[in-house]
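Hi there,

Here is the structure I said I would pass on. Have a look at it, and below you will find my notes on what turned up.

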Amino acid sequence: MRTFAAVAAVAAVAAAALPAPAADDAAIAARDFSFDPPTVTIDPGDTVTFDNTGGLHNFVFSDQSIPAVPKDSGDPVWNPPPTRTFDTPGTYSFRCGQHITMTGSVIVRDPSATPAPTATPAPDPGGTQPAAPAIRTLRVLAAGFCSSRTRGCRRPGVAVRIDLTAAARVRGTLRRGRRKAGNVDLGTVPAGPRTVRFGRRLKPGRYTLRLRVADLAPRTLRFRIRPSARGSMSR
């Protein structure tokens, strides 16, 4: 098992051409006096980013992969946020060493487990139209992101976590401060949980993203783009 790492800022939106959705990944942030989200479910080999967006917090795992000391959110240890790759199925519980009420877990699926059978719906003789999509989850994975690949930014772009009950077109508008920064079109997002990345050319600053799923009311997401550190890497 690899040593512990802590979570990165994640969240966001793109203005220009948007790349195709990336594979699922996960991020957990310590903010105020809770972890957001408190639990993530991933596949073996996936990497989780751990971040502290405010206060004195750390991530203490029950398997003793503990960071040296609790760090303030402004400490360089959180920039870039640490990561940890989970190769073995199981449940990995963690807590904040400073606040005993802050607990969470990473659940790594067992690929050999037999999934529960899914009932096959009966044919609809009336030809009813598919049900309208509903939003289970729509949020950015962190409070901040980087947009240029450097030694300190291995995964540039904004990451948005989307979980829909049915496939739907997802698009919206992006503002940087008070100015419009462009339109965001994530295309048709399939049903189920997934992470979509975009915005690899956004300028540093604070952004507001209004995303609309099909004809549902728009949701407002906020994030920031951090200035890129020196030491760029070839793409």
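Arg84 sits over the face of Phe61, 4.4 Å from the centre of the ring. Please keep in mind that this is a predicted model.

Phe61 also belongs to an aromatic cluster, together with Phe35, Phe50, Phe59, Phe86, Tyr92 and Phe94. In the structure as a whole there are 11 aromatic pairs. One of them is formed by Phe35 and Phe59, with ring centres 5.0 Å apart and planes at 35°; the pair is therefore tilted, since that angle falls between the limits of 30 and 60 degrees. Phe35 is in strand E2 (residues 34-36), while Phe59 is in the loop between strand E5 (56-57) and E6, so that this pair ties together distant parts of the chain, 24 residues apart. Phe35 and Phe59 are both buried.

Another aromatic pair worth a look is Phe145 with Phe223, which is edge-to-face, at 5.9 Å between centres and 75° between planes. This pair, too, links distant parts of the chain: Phe145 comes from strand E12 (residues 144-145) and Phe223 from strand E18, with their positions 78 residues apart. Both Phe145 and Phe223 are buried.

Now to the overall make-up. The chain has 18 strands and 0 helices. Of its 235 residues, 39% count as buried. If you take contacts between residues at least 6 apart in sequence, 67% of them join residues at least 24 apart. The accessible surface of the chain is about 13000 Å², and carbon and sulfur atoms account for 51% of that surface.

Two of the sheets are worth describing. One is an open sheet of 4 strands with mixed pairing, in the order E3-E10-E9-E6. Its edge strands, each pairing on one side only, are E3 (39-42) and E6 (60-61). E6 and strand E9 (residues 90-95) run antiparallel and are joined by 2 bridges. Val60 has Arg95 of E9 as its bridge partner.

Within that sheet, I looked at Ser105, which is found in strand E10 (residues 103-108). Is Ser105 buried or exposed? With a relative accessible area of 13%, Ser105 is buried, because the cut-off is under 20%. Beyond its neighbours within four places in sequence, Ser105 contacts Pro38, Thr39, Val40, Thr91, Tyr92, Ser93 and Phe94. Of these contacts, Tyr92 and Phe94 will be familiar from the aromatic cluster.

The other is an open sheet of 5 strands, again with mixed pairing, ordered E12-E18-E17-E14-E15. Here the edges are E12 and E15, each of which pairs on one side only. E14 and E15 are antiparallel partners over 9 bridges, and Ala168 has Val189 of E15 as its bridge partner.

Next, the nonpolar cores. Nonpolar side chains tend to be buried together in soluble globular proteins. The largest nonpolar core here holds 28 residues, and Val160, Ile162, Leu186, Leu211 and Phe223 have the most contacts inside it. Strands giving two or more residues to this core are E11 (135-140), E13 (158-164), E14 (168-176), E15 (179-189), E16 (192-198), E17 (205-213) and E18 (219-225). The biggest contribution is that of E13, with 5 residues. A second, separate core has 18 residues, among them Ile28, Ala30, Trp78 and Phe86.

Two residues of the largest core deserve a closer look. Ile162 touches Thr137, Leu138, Val170, Leu186, Val189, Gly192, Pro193, Arg194 and Val196, leaving out residues up to four places away in sequence. Leu211 lies in strand E17 and has a relative accessibility of 0%, so it counts as buried. What is Leu211 in contact with, leaving aside its neighbours within four places in sequence? The contacts are Leu138, Val160, Val170, Arg171, Gly172, Val184, Leu186, Pro218, Arg219 and Leu221. As a further reference point, the C-alpha atoms of Leu211 and Asn183 are 9.8 Å apart, with the two residues 28 positions apart along the chain.

Happy to go through any of this with you.

Best wishes

Definitions and conventions:
Residues are numbered from 1 along each chain as its sequence is written. This is a predicted model: local features need pLDDT of at least 70, side-chain atom pairs count only at pLDDT 80 or more; totals for chains, interfaces and linings use all residues. Side-chain values use heavy atoms; hydrogens and water are left out. Two strands pair if DSSP finds at least two bridges between them. Buried means under 20% relative accessible area, exposed over 50%, partly exposed in between (1.4 Å probe, protein chains only). Contact means heavy atoms within 4.5 Å. A nonpolar core is a set of buried Ala, Val, Leu, Ile, Met, Phe, Trp, Tyr and Cys residues joined through side-chain atoms within 4.5 Å. Rings of Phe, Tyr and Trp (its six-membered ring) pair if their centres lie within 6.5 Å; planes under 30 degrees apart count as stacked, over 60 as edge-to-face and the rest as tilted. A charge sits over a ring if NZ of Lys or CZ of Arg is within 6 Å of the ring centre and within 35 degrees of the ring normal. Accessible areas come from the Shrake-Rupley method with a 1.4 Å probe; for residues, only the protein chains shown count as cover.
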